[in-house]
Amino acid sequence: MKTITFFLPYIWIVQLIFHSAVYASPTYKFAVVPKSLNNDFFDVVRMGCEGKAKELGNVECVYVGSLEENATEQAQIVRGLVQNASVDGIAISVINTEVANEVIGEAIAANIPVITFDSDAPESQRLAFIGTDNEAFGDELGKVLLQLDPEGGRAGKFGIISGAGPNLALRVSGLRKRLHTQKSDWKEVDYSPKFSLDRIDIALAQMYEYANDPDIRAIIPVGGWPMYN
């Protein structure tokens with residue numbers, strides 16, 4: 001049930017930019033730009049976009065991004081959509097806020113509405129953000145760890161698996177704050193967090209690396225990559 005709760009908002013992402021104008025013109029084209037195309041999580045977003053476009057009939061979903069996470073390439077893709085005036089709206093999952101702020105501003109200046117999803121750029125000119133409260137997400141991870149082992153034991157060390165994007169940084173921050181606030185004995189190993197680049201194979205390898213460290217009692221992924229396989 002919790003998985004459905006997290007995913008449903010992303011299936012509905014395109015509705016926010018569809019319904020405002022869909023009946024005013026015979027055809028509309030909306031772009032969804034994920035962090036990468038090799039992340040199974042964003043396949044759910046693509047299915048939602050394409051499904052809603054098919055339902056509406058007069059809308060085309062343009063799902064476009066780089067294969068691997070790359071903030072510069074993501075900005076180039078958005079900039080190309082803007083310069084070609086090829087879409088009526090853009091939804092973007094932000095990799096780097098500074099890079100995204102600039103290109104979102106260019107889109108808004110060209111009268112192309114932009115929303116962010118999953119990962120936000122709150123200081124940009126985006127019109128809305130759809131996604132998780134990521135710091136609260138990390139806080140909940142910390143709560144669960146403390147429920148499983150409140151003290152951390154004699155050697156209560158943990159390792160974090162993360163990835164690119166401000167959303168994941170907020171999850172890590174929320175987790176650390178919770179453990180610090182509770183004044184637990186849990187300690188983060190000095191080579192944490194590890195960054196998976198949103199790749200399942202890398203995340204799994206990092207899980208095994210942590211598991212082979214005798215000092216580590218808990219492994220905490222702030223994304224779902226290790227669980228997809």
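Throughout this passage, a residue is called buried under 20% relative accessible area, exposed over 50%, and partly exposed in between, using a 1.4 Å probe and protein chains only. The structure is a predicted model, in which local features need pLDDT of at least 70 and side-chain atom pairs count only at pLDDT 80 or more, while totals for chains, interfaces and linings use all residues. Residues are numbered from 1 along each chain as its sequence is written, and side-chain values use heavy atoms, with hydrogens and water left out.

A good place to start is the cysteines. A disulfide is a covalent bond between the sulfur atoms of two cysteines. With a disulfide taken as a pair of cysteine sulfur atoms within 2.5 Å, the count comes to 1 disulfide. Cys-49 and Cys-61 form this link, with an S to S distance of 1.9 Å. The pair sits 12 residues apart and joins distant parts of the chain, Cys-49 lying in helix H3 (residues 40-56) and Cys-61 in strand S2 (residues 59-63). Helices (H or I, at least four residues) and strands (E, at least two) are DSSP runs, numbered from the N terminus. The link of Cys-49 and Cys-61 is right-handed, with 120° about the S-S bond. Cys-49 is buried at 1% relative accessibility, and Cys-61 is buried at 16%.

Attention now turns to charged side chains. A salt bridge is defined as a side-chain nitrogen of Lys or Arg within 4 Å of a carboxyl oxygen of Asp or Glu, and the structure holds 14 of them. Helix H3 contains one such pair: Arg-46 and Glu-50 both lie there, 4 residues apart, about one turn of the helix. The closest N and O atoms of Arg-46 and Glu-50 are 3.2 Å apart. Arg-46 has a relative accessible area of 26% and is therefore partly exposed, and Glu-50 is partly exposed as well, at 38%.

Further along the chain, Asp-139, Glu-140, Lys-143 and Arg-178 are linked in a network of salt bridges. Within this network, Arg-178 meets Asp-139 at 2.8 Å, N to O. This contact bridges distant parts of the chain, with Arg-178 in helix H7 (residues 166-181) and Asp-139 in helix H6 (residues 134-148), 39 residues apart. Arg-178 is buried at 19%, and Asp-139 is buried at 18%. Glu-140 pairs with Lys-143, their closest N and O atoms being 3.3 Å apart. Glu-140 and Lys-143 are separated by about one helical turn because they stand 3 residues apart in helix H6. Glu-140 is partly exposed at 42% relative accessibility, and Lys-143 is partly exposed at 30%.
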